[in-house]
Amino acid sequence: MLVTLNGRGEGPFERLAGRVALVTGGARGIGAATALALADAGADVAISYVRSAQRAEEVRQAVQARGVRAAALRADQEDPVAVEALIRTVLRDFGRLDILVNNAAQFVVGAVNDPDGDLAAFDRQNRINIGGVVTAIRVAAQVMGRGGRIITLGSAMAGHVGFQGLADYAATKAAIVAYSRGAARDLGPAGITVNVVQPGSIETDMNPAEGPFAESQIATNALARYGRPEEVAAGIVFLAGAEASFITGAVLDIDGGYGA
């Protein structure tokens, strides 16, 4: 049975048919869930990865099994040259780029007054979380046509840092909100939307619901539970679709009420 969307008869698979998406850091967690959700909506999907080649290939195969084109490409988001080459490769191999999901990120913990803090790790976090996103948006803006969608994964901590040791990470996520709002202004005349999705506590390999910090995180959420990667992916697919054509410069919190 077809679902009618915007007056057209479309099933869920046809929502993004003919569109090409790139999900950075798509080998696991939210990135992998997003790649599969975009494929379920009919988009061809490329993912990038750095170290998880086997998992990236598993995601590529799962995407392809949904009847769309798929690719897994190695690219370090810390390197601006690699980021540009990644987008150019997608354009060459798929013929276009319609949806960019900036998911790749680094997470480094450390108090600002810790004299033994790993400054090199903090610098790398900045280069990936801010620099990699900025480069990807700048390059994608050059190749996207009208109706392009740029969606960056932020963090609920950009607006509310509820724990110690997260100032540097939260600052990177707050920075991309400001950058995305500015980019939305610049790219609006070209018909390209730019938005941010801010997850809260989501159950992934790096943040398991049975982990040592789970209880304190759950206590901060109005829904009193962890979210699932698929719940975040659903919001991303919405912003990538025609139904979100008048949404730009926005921040969508998918945080279980962490910021309520």
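## Salt bridge within helix α2

In this predicted model, E57 and R60 form a salt bridge, with 2.8 Å between the closest N and O atoms. Both residues belong to helix α2, where they are 3 residues apart, or about one turn of the helix.

The two partners differ in their exposure class. E57 has a relative accessible area of 29% and is therefore partly exposed. R60, at 19%, is buried; the cut-off for that class is under 20%.

## Salt bridges between distant parts of the chain

Side chains of opposite charge can pair when their charged atoms come close. The whole structure holds 16 salt bridges. One of the 16 joins R69 and D44, with an N to O distance of 3.0 Å. This pair links distant parts of the chain, its residues being 25 apart: R69 is in the loop between α2 (53–64) and β5 (70–74), while D44 is in strand β4 (residues 44–49). R69 is partly exposed, with a relative accessible area of 40%, whereas D44 is buried, at 12%.

A further salt bridge connects the side chains of R124 and D76, at 3.6 Å from N to O. R124 sits in helix α4 (residues 119–143) and D76 in the loop between β5 and α3 (80–94), so this salt bridge ties together parts of the chain that are 48 residues apart in sequence. R124 has a relative accessibility of 18% and so counts as buried. The R124 and D76 pair also belongs to a network: through shared partners, salt bridges join D76, E78, R124 and R127.

## Charge distribution

The protein chain carries 23 positive and 27 negative charges. The mean position of the positive charges lies 8 Å from that of the negative charges.

## Two alanines in loops

A224 is located in the loop between α6 (214–219) and α7. Its phi angle is near 55°, which is a positive value in a residue other than glycine. With 48% relative accessibility, A224 counts as partly exposed; exposed would require over 50%.

A242 occupies the loop between α7 (229–240) and β9 (251–254). A242 is also partly exposed, at 39% relative accessibility. From A242 to A121 the C-alpha to C-alpha distance is 39 Å, with their positions 121 residues apart in sequence.

## Overall fold and dimensions

The protein chain contains 7 helices and 9 strands. Its C-alpha atoms fill a box of roughly 55 × 40 × 40 Å along the principal axes. The radius of gyration is 18 Å; a compact globule of 260 residues would have a value near 18 Å, so the two agree.

Contacts were also sorted by sequence separation. Of those between residues at least 6 apart in sequence, 74% join residues at least 24 apart.

## Burial and surface

Of the 260 residues in the protein chain, 48% are buried. The accessible surface of the chain comes to about 12200 Å². Carbon and sulfur atoms account for 54% of that surface.

Note on methods. Residues numbered from 1 in each chain as written. Predicted model: local features only at pLDDT ≥ 70, side-chain atom pairs only at ≥ 80, totals over all residues. Heavy atoms only, no water. Helix = DSSP H or I, 4+ residues; strand = E, 2+ residues; numbered from the N terminus. Rg over C-alpha atoms; globule rule 2.2 N^0.38 Å. Buried < 20%, exposed > 50% of the residue type's maximum accessible area, 1.4 Å probe, protein only. Contact = heavy atoms within 4.5 Å. Areas by Shrake-Rupley, 256 points an atom, 1.4 Å probe, with all protein chains shown as cover. Lys, Arg positive; Asp, Glu negative; His and termini not counted. Charge placed at Lys NZ, Arg CZ, Asp CG, Glu CD. Salt bridge = Lys/Arg side-chain N within 4 Å of Asp/Glu carboxyl O.
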